[in-house]
Each structure stands twice: as structure tokens, then as C-alpha cells.
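Please open the model in a viewer and keep the sequence panel visible. The tour proceeds by selection, with a short description at each stop.

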Amino acid sequence: MDIVVSSVLVLIFTSLQLSVVSRLPIGNGMADIVLLLLIVWCLHPQAKKFYIPTLLAGWIITFISSVPIPAVFISYFLAAILTRLLINRLWEMPLFSMLIITIAATFAQHIIYIIAMQFQGSAIPFIEGLREITLPSVFINIIFSFPIYLIVRDAQKFVYQEIENE
Amino acid sequence: MRFKDSRTLRTIVTGLVIMGVILLAFSGILRPVLGAVMDPFVKVQGWISNQFMAIYDFFTLPRDVTDLMAENSELKNEVSQLQSQIIELQEQLSEADILYALLDFARAKPENTYIAASVIGRDSNPFMHYLIIDHGSDDGIRYGMPVVTQQGLVGKIDAVTASAARIQLINDPDSSINVRMQSLDEEAQLVGSITGDMQLTMIPSDVELQAGEILLTSGLGGNYPSDIVVGQVVNVQKKESDIFQTANVDSTIDFSTLRAVLVIINFSAIDIELLTGE
């Protein structure tokens, strides 16, 4: 059940990311709601099969986006694993954990993207990239993380109650 | 006779009294007396009327309110349907305007063959500038084909699937276009950046470039057909010591609101890297 729901959420969020969120930049920054979905999903202690939505999200974004293939998978898995590691220490403060991981994961994702694109031959200036793109993106991701947290947590409540009932 | 006289007298007196009362009533002198008589009657009448209307309302008004509420909700539904129809029609009108403009552009350049496509998304990578369109290889779209609108050059096809394609915009940091200055007939190179700003480079320092200069594709390099509008020079940076000057360029297209594009399908980009050995 949790695999089905998380996969459906990944599909919906990917679609929204490409058709809506990518067209709403603040400054030059852009939110990554798929990354936020993965973070919030992994925050639940029972989300042990977190690698399935992570793989699915990585596969879809790789297929559509211009980002080099390994960069997407590395950044998504890094965010997911970081979240799983952190919930063991900060399990009583999921919102605080989410904020910390959102900031860290966005920075990590952008650094991975810049390095991967530089390897690919793109002229991406590192410092300018962080200043012009990453900082506003962190800000937008923080804004988006709260509604996503509420939506995903509701879905997880339903999923994991069902599993407990079974 | 006495009897007869007394009856006549009584009739006359009665008539005079009645006439007197009528005259007094008309003159307003009897108003307080009439008020004192009529007021209780009017009050009773009002009370009965109120009670009757209350009973009448009790049986009839709820039905009317229900009817009105149903009618109101029906009208509200109708209004919301009409509003959504208006929005849909406005959307169609705006799409039709865009398509007419693209059609005009295509008619003006009959040497090219075009496929019109809708923009359905934007790449999620914030460092790059790509759009996704709803036509792919099944429609004849191939890698490297130029993409335009009636306002000018949009970019080129960067990746294709059966039913969709990705466009690399001209302001992408990996984009580099050979351009020609319309009035000066000089050539230069236009490059994009991560922020989406475009810069004109490789302009010889002796060229008297002014803000407002229109830039067109030169056709050099074989990536784009010649004479497509690319942008307009905003300001020029010139240093005495530099061999080349640079300029900031504004695109003629607002990429954030782009909804439909034309892909030139009878132009194939030439890969000159094989010749240059790069």
C-alpha cells in the first residue's frame, strides 16, 4: 500500500514540478517539490521502503530533465538517506528535521548538479551558481516544504494506519 | 293632526341632528370622538390581521423560502458554469490569437516548413533553461531543429521522444549563437548564462555598437537558419584595453509566458565539430 501511494505521489509531484512549479521562479531560484516529497516521506519512521519512490522520482526526472543522470539519483538518494539518518536522532521534531534537511539537501543537490554539469562541459560558474540560484531555491523550498509536509503526512497517516490494521 | 304634526316634527329634528352630525364630522370637531371609538376597533383589526398573517406565513413562507433557495442554488450553478465557460472561451481566444500570429509568421516565410507545438513544461534544473513541447519524433521533429515564434528565435531541439521534445533556449548557459548586427552588418557571438541573461561577445573594439541594435542569426556554424530575430542590444561595455567589447542583450521573447512555438522541420543542423576536430 505504501509503495502504491508513494509512487502515485511521485507521479503527481513530478507532473506538478514540470508544468507548474518550474514556471514559478523567485529570482532565479526554483523549488524542487519532488525532493521535498522524498524528504517528508522519509521522515516517517515506518517509511522503510523509501528507496522505491526515490528510484522512481530519479528515473522520471532523469528521463525528462537536462540534468546528468547520476546527479539526479545521487542527490535524491543523499536527501533520502540523510533524512533516514536524522530521524533516529531528531524523531520528536519532524518539522525541525524537515527544515534542516531541506536546507542541507538543496545545497547538496545544487553542488552535485554544478559539478556534474561542469564535468559534462557546461560553463556553470560555481560561486555565481550558489549565489544566484541556490540561495533563492533554498528559500522557496522552505516555503513549499510546509504545505507538502501537511499533505504527505496526511497520506502517510492513512497508509500506515491501514498497514497496522492489517 | 296633532299626531301627524308630532311625527313630522320628529322627522325634521332627526334629519337636522343627522345633518348636524355630518357637518360636525366634516368640520373635524368630531375627530376625537371618532378616534376614541375607532382606535380600539383598528387595534383589534390589526391584531387579528397580524395573527392571520402569521398563521398564513407559517404555512406558506417555508415553501417559498425552499423554492427560493433551490432557485438561488440553480442560478448560482448556472453563474459558475457560465463563468467557467467564459474562462474557457478566453483561454481559447488567447490560444487562437497565438496560433494566428504564428500562422502569419509562417506565411511570411514560406521557404520554411513548420510544426506548431504547445509548451507543456519547463525543465526542473534551475541552472539550465529548457522547455518541453508536446510534439516529438512521431511528428517529424528531430535533434537540432530550430524553434521560433513570430517574435524571433526561441532555441533548438535538444532531445526528442516519440511524443515530446526538449528545447534548449537561446539564454541557456550552453547556448552559443552566431549573430549579425542588423544596421552595422558586423558579426558576433551571443551566449546565455545561468541567470538567463544574454551577452554579446567577440565584438571587435572598432565597431560603433549602440543600444537598440537588432540582432539576427547569421547562419554561420550551421545550427540556425539566417536572418531570424534574436534580440536587441540593451547596453555596451567597452574598455580601451580590450580587443573585444561586450554587450547585454534582451531577447524579443518572454520565455516565462511562452505557450506555443514553431519548429522548423526542413532545416537540419550541421555538425561542424567533425570538421573542426573539436
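**Stop 1: the β12 strand of chain B**

Select β1(B) and β12(B) first: the two strands pair in the antiparallel sense, with five bridges between them. The model is a predicted one, and every stop should be read with that in mind. Within this pairing, display Ala117(B) and look across to Val261(B) in β12(B), which stands opposite.

Now add strand β3 of chain B, residues 146-149, to the selection. Two bridges join β3 to β12(B), and the two strands run antiparallel. Here Val147(B) is the residue that stands opposite Val263(B) in β12(B). β12(B) thus appears in a pairing with β1(B) and in another with β3 of chain B.

How many of the five residues of β12 in chain B are buried? Colour residues 260-264 to see the strand: four of the five are buried, and β12 is mostly covered.

**Stop 2: the barrel of chain B**

Next, select β6, β7, β8, β9, β10 and β11 of chain B. These six strands form a closed barrel in the order β6-β7-β8-β11-β10-β9, with antiparallel pairing. Neighbouring strands of this sheet are turned against each other by 40° on average, direction ignored.

For a detailed view, restrict the selection to residues 176-181 and 187-191 of chain B. These are strands β6 and β7, which pair in the antiparallel sense over five bridges. Val179(B) can be shown together with Ala188(B) in β7(B), which it stands opposite.

**Stop 3: chain B as a whole**

Zoom out to the full chain B. It contains three helices and 12 strands. The C-alpha trace spans about 155 × 50 × 35 Å along its principal axes. The radius of gyration of chain B is 45 Å, whereas a compact globule of 278 residues would have one near 19 Å. Of the 278 residues in chain B, 26% count as buried. Among contacts in chain B between residues at least 6 apart in sequence, 57% join residues at least 24 apart.

To see the extent of the chain, select helix α1 of chain B, residues 2-27, in which Ser27(B) has its place. Is Ser27(B) buried or exposed? Ser27(B) counts as exposed because it has 9 C-beta neighbours inside 10 Å, and the limit for an exposed residue is 12 or fewer. Then draw a distance from Ser27(B) to Ser124(B): their C-alpha atoms are separated by 96 Å, with the two positions 97 residues apart along the chain.

**Stop 4: where chain B touches chain A**

Display both chains and select the contact. It takes 25 residues from chain A and 18 residues from chain B. On the side of chain B that touches chain A, the elements that give two or more residues are β1 (114-122) and β2 (130-133) of chain B. β1(B) supplies the largest share of that side, with three residues. Sorted by class, the side of chain B that touches chain A has eight nonpolar, six polar and four charged residues.

**Stop 5: helix α3 of chain A**

Stay with both chains and select residues 51-64 of chain A, helix α3. The 14 residues of this helix should span 20 Å at 1.5 Å a residue, and the end C-alpha atoms of α3 are 20 Å apart, which agrees. Show the buried residues of α3(A) as sticks: Pro53(A), Thr54(A), Leu56(A), Ala57(A), Gly58(A), Ile61(A) and Ile64(A).

What covers the buried residues of α3(A)? The cover includes α1 (2-19), α2 (33-43) and α4 (69-87) of chain A together with β2 of chain B.

**Stop 6: chain A as a whole**

Hide chain B. Chain A has six helices and zero strands, and its pattern along the sequence is α-α-α-α-α-α. The C-alpha trace of chain A spans about 55 × 30 × 25 Å along its principal axes. A compact globule with 166 residues would have a radius of gyration near 15 Å, and chain A agrees, with 15 Å. Buried residues make up 43% of chain A.

Finish at Leu99(A), which lies in helix α5, residues 94-120 of chain A. Leu99(A) is partly exposed, with 17 other C-beta atoms within 10 Å. Leaving aside neighbours within four places in sequence, Leu99(A) is in contact with Ile142(A) and Ser145(A).

Definitions and conventions. Residues numbered from 1 in each chain as written. Chains lettered and ligands numbered in written order. Predicted model: local features only at pLDDT ≥ 70, side-chain atom pairs only at ≥ 80, totals over all residues. Contact = placed C-beta atoms within 7 Å. Nonpolar A, V, L, I, M, F, W, Y, C, P; charged D, E, K, R; others polar. Rg over C-alpha atoms; globule rule 2.2 N^0.38 Å. Buried ≥ 20, exposed ≤ 12 C-beta atoms within 10 Å, placed from the backbone. Expected span 1.5 Å × (residues − 1). Pairing = 2+ DSSP bridges. Axes fitted to C-alpha atoms, helices over the stretch in contact; angles between N-to-C directions.
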